[in-house]
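Subject: Structure handover

Hello,

Here is the structure you will be taking over. My notes on what was found in it follow below.

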Amino acid sequence: MSDSTADDGGIDSRLPEAWQVWSRGEDGRLVLAYRPDVFDAADFPAPCLPTLYLTHGKRTRRPGVHPGDTADTADWFVTLYLEPDVSLDETLRYPTRDAALEETVALARRFDDGEIDYRRLYQVPREAYFERLDDLTGDGCED
């Protein structure tokens, strides 16, 4: 795999079925959406659509707003958002797009398999939502 921003490494075929490439930027950015078929405001609130961002430079703003790059532009970042104001609090920074793309696929798999503890990311628990999200992911925990 090269570090070309035009090459997405066949990401569509490497992602779990529940994740879809939502958009591809000319600069190599990717936005992935988790189960957009159910986050449609009927079954789940649309603003709660889990998204994965692969960006060149750190996102300093939330989804829906073009980020201002404040980090070294050579670095790539992977960010998981559960809602516009709720994100995985890890800094996933990589020196190449290829490395960041690998982490994007791995993080999508971990989320889909129920390995991400999204409950801890919320300041205000949303138990009914969590239970429904557990049904979608591979998380079999019972609270």
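I begin with a loop residue: R35 is found in the loop between β2 and β3. The model is a predicted one, and in it phi of R35 is near 50 degrees, a positive value in a residue other than glycine. R35 counts as partly exposed, at 22% relative accessibility.

Overall layout

The chain contains 3 helices and 6 strands. Read from the N terminus, their order is α-β-β-β-β-β-β-α-α. Of the 143 residues, 48% are buried. Among contacts with a separation of 6 or more, 47% are between residues 24 or more positions apart. The exposed area of the chain is about 7,500 Å², and carbon and sulfur atoms supply 46% of that area.

The β1/β2 hairpin and T55

Strands β1 and β2 pair in the antiparallel sense, over 5 bridges. Within this pairing, V21 stands opposite L32 in β2. The hairpin has 5 residues between the strands, and G28 there takes a positive phi near 100 degrees.

G28 also has a place in a longer-range relation. T55 is 27 residues away from G28 in sequence, while their C-alpha atoms are 7.5 Å apart in space. T55 itself belongs to strand β3 and is buried, with a relative accessible area of 2%. Leaving out residues up to four places away in sequence, T55 touches R29, D75, W76 and F77.

The nonpolar core

The largest nonpolar core has 37 residues, and the members that touch the most others are W19, F39 and F111. Two or more residues come from each of β1 (19–24), β2 (30–34), β3 (51–56), β4 (76–83), β6, α2 and α3. The element giving the most to this core is α2, with 6 residues.

W19 has a long list of neighbours, again without residues up to four places away in sequence. Its contacts include L32, A33 and Y34, then P50, T51 and L52. W19 also touches L80, A108, F111 and D112. One of these, L32, is the residue that stands opposite V21 in the hairpin, and another, F111, is named with W19 among the core members that touch the most others.

Salt bridges

Side chains of opposite charge can pair when their charged atoms come close. The count of salt bridges comes to 8. Three of them are described here, with their burial.

What does the pair of D89 and R120 tie together? Their side chains meet in a salt bridge at 3.3 Å, N to O. D89 lies in the loop between β5 (86–87) and β6 (92–94), and R120 in the loop between α2 (97–112) and α3 (127–136), so the pair ties together parts that are 31 residues apart in sequence. D89 is exposed, with a relative accessible area of 57%, whereas R120 counts as partly exposed at 46%.

A second salt bridge joins E103 and R110, with the closest N and O atoms 3.8 Å apart. E103 is buried, at a relative accessible area of 17%. R110 is partly exposed, at 27%.

A third salt bridge is formed by the side chains of D134 and R119, at 2.5 Å from N to O. D134 lies in helix α3 and R119 in the loop between α2 and α3, so this pair ties together parts that are 15 residues apart in sequence. Are the two partners buried or exposed? D134 is buried, with a relative accessible area of 7%, and R119 is buried as well, at 16%. The cut-off for buried is under 20% relative accessible area. The side chains of R119 and D134 also make a polar contact, at 2.5 Å.

Where to look

If you open the model with these notes beside it, the places to view are R35 in the loop between β2 and β3, G28 in the hairpin of β1 and β2, W19 with its contacts such as L80 and A108, and the salt bridge of D134 and R119.

Regards

Notes. Residues are numbered from 1 along each chain as its sequence is written. This is a predicted model: local features need pLDDT of at least 70, side-chain atom pairs count only at pLDDT 80 or more; totals for chains, interfaces and linings use all residues. Side-chain values use heavy atoms; hydrogens and water are left out. Helices (H or I, at least four residues) and strands (E, at least two) are DSSP runs, numbered from the N terminus. Buried means under 20% relative accessible area, exposed over 50%, partly exposed in between (1.4 Å probe, protein chains only). Contact means heavy atoms within 4.5 Å. Accessible areas come from the Shrake-Rupley method with a 1.4 Å probe; for residues, only the protein chains shown count as cover. A salt bridge is a side-chain nitrogen of Lys or Arg within 4 Å of a carboxyl oxygen of Asp or Glu. A nonpolar core is a set of buried Ala, Val, Leu, Ile, Met, Phe, Trp, Tyr and Cys residues joined through side-chain atoms within 4.5 Å. Two strands pair if DSSP finds at least two bridges between them. A polar contact is a pair of N or O atoms within 3.5 Å; within protein, one must be able to donate a hydrogen and the other to accept it, and residues adjacent in sequence count only if both atoms are side-chain atoms.
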